[in-house]
Amino acid sequence: MRKTTIEKRSFLIKITSVIILFVLLCGVSFAKPVTVRVALLHNQYAVKISNSNGLTAKDAYELKKITKSPKNIVVKVYKGKIYVNKIQTNSKFVYIVSKNIHHTTYLNGVPYRGYYLVGFNNRGRLQVINYVSLEDYIAGVLGGEVSSRWPAESLKTQAVAARTYVMYKLTQSKDKVYDVVNDTGDQMYIGVRGESAKFRRVVKQTSSQILTRGGNVICTYYHSNCGGGTSDSWNVFKKDRGGLTGVKCPYCAGAPNSSWGKTLYTDTIRYRLKKNGYNIGKIFSMKPYSKGKLKRIIYLEIKHSYGTSYVFASEFRRIMGYRTIKSTKFDVYPKRYITYRHTKKIAVSRGGVALTSSAIGGTFRSASKKLQVPTYFYFSGAGWGHGVGMCQWGARGMALDGYNYKQILMHYYPGTKITKAGEEKN
Ligand SMILES: [Zn+2]
C-alpha cells in the first residue's frame, strides 16, 4: 500500500517535471493579460450604455452592486451626485460591466469591446473610460489608423507599432485614471466600428509582439507621411524620446499630402502667436532653420517691430493648427508687400552721454522709417504629421515593394528588437 503511494507520488513528480521542462523549452510564458484604459468621453452630464445580454453597475471602490441586470444603463450627474438608472449613489466612479468583456457593449450607441468606468472629471462632469483587452484595443486602433485595403505586411507593422506605443504608455500612466486618449493625442481608436476580418487576422499573426531596445519597451511614434525622410525625436519633441533617429524614406513618394501649400495672413500669425504668449509685433520676416540632410525645420526666426523671436517649429505647427501646417518640413515665402511706417523711440544723449531708452530722466525722440512688409506668407511643405518614427504611407510603400513587416519595422525603428509583451524590462 505504502509502496503504491510512493510510486504514485514519484509518478506525479515526474509528470510535473516533464510539463515544467516542456514549458521552459517551448518558451511558453503565462504573462498576465493586459488591459488598456482608453478615455472615450470627457465632459458629459449623462451617458447611456447598452448590452442586450444585460449589464451590472458596481461602485468602483467597494464593488457593491448598484443595479440588477438591465439592458440599458443611464448614468447621470445631478447636483454633485451620480445617478445610475435614477438610483442615487455616493460613488465617484462606477463600473458598468457586461457578462463577457470581449462582447460588444454600446456607449451612446457606439460599439466597443470591454467594459466602462464612468466617473467625475475635475470639472464635476462625467468622463468615460473603456477598459479593453490589449489585442481588442489594437484591432480598434488599426481601424482608426489605416485602411484594410493596405497590404497585410504594412498592417502588421501598424499592429506592432500601436501595441508597443500603448505598452510604453502603460509604463507612464500607473497613477492616472486612464492610459491613452482615443484620438491623435495618442492613437485613433474607434472600437468595433474599425474592426474587420483582415485586421483581426493581422492582430493575431503579430499577437503580443512589441519593439524593445536593450530590453526596454520604446515609444514607437508614427505619423501619416514623412515627406521623404523622418525626423530625430529631439528635433520635434525637444527631447530624445525612445532614441528615434531620422531615416530616409523614398517609399511614401506620391502619397496624399506629399506636398501641400497654405497661405496665412501676417496678422493671423501674429494674433495666434500672441494668444499663445509670444510678444510679437508687426511681422517683417520669417526665416526657417533646418538641420541635417532631411531638411526638417527646427525653429523659425521671426523679425518684428518689437525685435526678433524664435519659435520652435513643432510649437508653431501646434499654434497654427496641425491641419494648417501639416508638417515641420516647409519653406516660407513672404507675399504682397505693403508700406508700413515703423516708429521707434530713440534716447537722445544728455551732456554728451548716450542714454538707453530705459534711462531715467533722458529725453527721447521718435524716429520713423518706412518699411516694406508682407501682408501674408505662403507655406510650401511636404508630408503630414510630426515625422518621428514610422511613416505609415512609407510602410505601405515598402510592403508593396516586397519587404516583410520585420524589415519595415527595422527600417523605421533601427536598433530595436521584436519581443513578446510581458518579457520587457520596464
Ligand atoms: Zn515616408
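**Figure 1. Strands β3 and β7 pair in the antiparallel sense.** In this predicted model, 5 bridges join β3 to strand β7, which covers residues 93–98. One of the bridge pairs links T56 to V97 in β7. Strand β3 spans residues 55–59 and is mostly covered, as 4 of its 5 residues are buried. Strands of a sheet pair through backbone hydrogen bonds, either parallel or antiparallel.

**Figure 2. Two loop residues, K79 and N108, have positive phi values without being glycine.** K79 is found in the loop between β4 (72–78) and β5 (81–84). The phi of K79 is about 45°. Is K79 buried or exposed? K79 counts as exposed because its relative accessibility is 72%, and the cut-off for exposed is over 50%. N108 is found in the loop between β8 (104–107) and β9 (110–113). The phi of N108 is near 50°. At 41% relative accessibility, N108 counts as partly exposed.

**Figure 3. Helices α2 and α3 pack against each other.** Helix α2 runs through residues 134–145 and helix α3 through residues 152–172. The angle between α2 and α3 is about 120°, and their axes are 9 Å apart. That angle makes α2 oblique to α3. The crossing of α2 past α3 is right-handed. On the α2 side, the contact is made by L134, E135, Y137, I138, V141, L142 and E145. On the α3 side, the residues are L155, Q158, A159, A162, R163, V166 and M167. By class, the contact of α2 with α3 has 10 nonpolar, 1 polar and 3 charged residues. An α-helix has 3.6 residues a turn, so residues three or four places apart point the same way.

**Figure 4. Q187 is a buried loop residue.** Q187 is found in the loop between β12 (180–181) and α4 (197–205). The relative accessible area of Q187 is 0%, so this residue counts as buried. Which residues are in contact with Q187, leaving aside its neighbours within four places in sequence? They are Y137, V141, E145, A162, Y165, V166, V181, N182 and Y222.

**Figure 5. Helices α3 and α9 also pack together.** Their angle is about 55°, with the axes 8 Å apart. Helices α3 and α9 are therefore oblique to each other, and their crossing is right-handed. In the contact, E153, K156, T157 and V160 of α3 meet Y405, I408 and L409 of α9. The residues of this contact divide into 4 nonpolar, 1 polar and 2 charged.

**Figure 6. An open sheet is formed by 3 strands in the order β14-β13-β23.** The pairing in the sheet is antiparallel. Strands β14 (216–217) and β23 (417–420) stand at the edges, each with a single partner strand, so one side of each has no neighbour in the sheet. Strand β13 (residues 209–213) pairs with β23 over 4 bridges. Among the bridge partners, L211 is matched with I418 in β23. Helix α3 packs on the sheet and touches β13 and β14. The direction of α3 makes about 65° with that of β13. Helix α9 (residues 405–412) packs on the sheet as well, touching β13 and β23. The direction of α9 makes about 115° with that of β23.

**Figure 7. Helix α8 has buried residues that pack against several other elements.** Helix α8 covers residues 392–400, and its buried residues are Q392, G394, A395, G397, M398 and A399. The partners of these buried residues are α2, α3, β15 (222–223), β22 (390–391) and α9. G402 follows α8 and has a positive phi, near 100°.

**Figure 8. G243 lies in the loop between α5 (233–237) and β16 (260–265).** The relative accessibility of G243 is 29%, so G243 counts as partly exposed. G243 and D232 are 11 residues apart along the chain, and their C-alpha atoms are separated by 8.1 Å.

**Figure 9. The whole chain has 9 helices and 23 strands.** Of the 426 residues in the chain, 45% are buried. Among contacts between residues at least 6 apart in sequence, 68% join residues at least 24 apart.

Methods. Residues are numbered from 1 along each chain as its sequence is written. This is a predicted model: local features need pLDDT of at least 70, side-chain atom pairs count only at pLDDT 80 or more; totals for chains, interfaces and linings use all residues. Side-chain values use heavy atoms; hydrogens and water are left out. Axes are lines fitted to C-alpha atoms, for helices over the stretch in contact, and angles run from 0 to 180 degrees between N-to-C directions. Helices (H or I, at least four residues) and strands (E, at least two) are DSSP runs, numbered from the N terminus. Angles under 35 degrees count as roughly parallel, over 145 as roughly antiparallel, 65 to 115 as roughly perpendicular and the rest as oblique. A crossing is left-handed if the near helix is turned anticlockwise from the far one by less than a right angle, and right-handed if clockwise. Contact means heavy atoms within 4.5 Å. Ala, Val, Leu, Ile, Met, Phe, Trp, Tyr, Cys and Pro count as nonpolar, Asp, Glu, Lys and Arg as charged, and the others, Gly among them, as polar. Two strands pair if DSSP finds at least two bridges between them. Buried means under 20% relative accessible area, exposed over 50%, partly exposed in between (1.4 Å probe, protein chains only).
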